[in-house]
Amino acid sequence: QVQLVESGGGLVQPGGSLRLSCVVSGATFSLHAVRWYRQAPGKERELVAAITGVYTNYADSVKGRFTISKDDAKNTVYLQMNSLKPEDTGVYYCRTVDPGTSSPYWGQGTQVTVSS
């Protein structure tokens, strides 16, 4: 079964940095299109960053601060988060899609808290 596991979250002060990891296991397809989402309490889940092949896209709120990347050999996608702000607080999820079935696969999420 395809499984995505996020890690790297934690408590950080404003202006600090965190690097999230998303390890994909059990997939018969290679990493191609992976997205990072986040969800704050009481709010809808929002797209933060995406990587499709060699192309990346970011939400306006994180442009210049977050970087998405991947290591195909490790089946891992990363989200480097710099200059963190309190509004970045939330549960961060990674998602990928089976290109054959279009079925999405979500991780369980990792908590990021930005607070002084």
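This report describes a buried threonine, the largest nonpolar core and a group of aromatic rings in a predicted model.

## Basis of the description

Because the model is predicted, local features need pLDDT of at least 70 and side-chain atom pairs count only at pLDDT 80 or more, whereas totals for chains, interfaces and linings use all residues. Residues are numbered from 1 along each chain as its sequence is written, and side-chain values use heavy atoms, with hydrogens and water left out.

## Threonine 76

Threonine 76 lies in strand S8, which covers residues 76–81; strands (E, at least two residues) are DSSP runs numbered from the N terminus. With a relative accessible area of 5%, threonine 76 is buried, a word that here means under 20% relative accessible area, while exposed means over 50% and partly exposed in between (1.4 Å probe, protein chains only).

A polar atom of the threonine 76 side chain lies 2.8 Å from the backbone oxygen of lysine 74. Not counting residues up to four places away in sequence, threonine 76 touches several residues, among them Ser21, Cys22, Val23 and Leu31, where contact means heavy atoms within 4.5 Å.

## The largest nonpolar core

A nonpolar core is a set of buried Ala, Val, Leu, Ile, Met, Phe, Trp, Tyr and Cys residues joined through side-chain atoms within 4.5 Å. The largest one holds 26 residues, of which Trp36, Phe66, Leu79, Met81 and Tyr92 touch the most other members. Among the elements that give two or more residues to this core are strand S3 (18–25), strand S4 (33–39) and S8, and S3 gives the most, with 4 residues.

Methionine 81 touches, among others, Leu18, Leu20, Phe66, Tyr92 and Val112, when residues up to four places away in sequence are not counted.

## Aromatic rings and a charge

The structure holds 2 aromatic pairs, and rings of Phe, Tyr and Trp (its six-membered ring) pair if their centres lie within 6.5 Å, with planes under 30 degrees apart counted as stacked, over 60 as edge-to-face and the rest as tilted. The rings of tyrosine 37 and tryptophan 106 have centres 4.9 Å apart and planes at 50°, so this pair is tilted; tyrosine 37 is in strand S4 and tryptophan 106 in strand S10, 69 residues apart. Tyrosine 37 is buried at 10% relative accessible area, whereas tryptophan 106, at 31%, is partly exposed.

The rings of tyrosine 93 and tryptophan 106 have centres 6.4 Å apart and planes at 85°, so that pair is edge-to-face. Tyr37, Tyr93 and Trp106 form one aromatic cluster. The charged end of arginine 45 sits over the ring of tryptophan 106, 4.6 Å from its centre, which requires CZ of Arg (or NZ of Lys) within 6 Å of the ring centre and within 35 degrees of the ring normal.

Notes: A polar contact is a pair of N or O atoms within 3.5 Å; within protein, one must be able to donate a hydrogen and the other to accept it, and residues adjacent in sequence count only if both atoms are side-chain atoms.
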